[in-house]
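Student: Hi! Could we go through the charged pairs in this one together?
Tutor: Happy to, let's bring it up.
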Amino acid sequence: MNNQSKALLEERIVAVLKTVYDPEIPVNIFDLGMIYKIDVHEDASVELDMTFTAPNCPAADFILEDVRTKVESLEGVNGATVNLVFEPAWDQSMMSEEARVELGFE
């Protein structure tokens, strides 16, 4: 997989991540800053590191499965691994400008 193919696939992954929402927050998980890493490997498998806004998020299992299912559904993706991490701890500074405006933090 060349760099251009990886970059295009990463763009499509970001686009699909922007369709995943925490049911309690009206902003997608990508703009909330919950995705820490997206690695596209040579075999077209994808590894993501993500966190939650709170460690005891009641929708954690639902969101993790939604992320994995949506990423794996993309053409060209050969499987996805979603790692749940809590370092560094999530905070509001990780949100995009759009997310902060949407949630009234600006």
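Tutor: One definition before we start: a residue is called buried when its relative accessible area is under 20%, exposed when that area is over 50%, and partly exposed in between. Also keep in mind that this is a predicted model.
Student: Got it. So how many salt bridges does the count come to?
Tutor: The count comes to 8 salt bridges.
Student: Which residue forms a salt bridge with Glu72?
Tutor: That partner is Arg68, and the closest N and O atoms of the two are 2.7 Å apart. Both sit in helix H2 (residues 60–72), 4 residues apart, so about one helical turn separates them.
Student: Is Glu72 buried, exposed or partly exposed?
Tutor: Glu72 has a relative accessible area of 31%, so it is partly exposed. Arg68 also counts as partly exposed, at 27%.
Student: Switching to strands: what does Lys37 pair with?
Tutor: Lys37 meets Asp49 in a salt bridge, with 3.7 Å from N to O. This pair links distant parts of the chain, since Lys37 lies in strand S1 (residues 35–40) and Asp49 in strand S2 (residues 46–50), 12 residues apart.
Student: And how accessible is Asp49?
Tutor: Asp49 is at 15% relative accessibility, so it counts as buried, whereas Lys37 is partly exposed at 28%.
Student: What about Arg100?
Tutor: Arg100 forms a salt bridge with Glu97, at 3.4 Å from N to O. The two are 3 residues apart in helix H3 (residues 97–102), about one helical turn.
Student: Which residues do shared partners join into one network?
Tutor: Lys37, Asp39 and Asp49 are joined that way.

Methods
Residues numbered from 1 in each chain as written. Predicted model: local features only at pLDDT ≥ 70, side-chain atom pairs only at ≥ 80, totals over all residues. Heavy atoms only, no water. Salt bridge = Lys/Arg side-chain N within 4 Å of Asp/Glu carboxyl O. Buried < 20%, exposed > 50% of the residue type's maximum accessible area, 1.4 Å probe, protein only.
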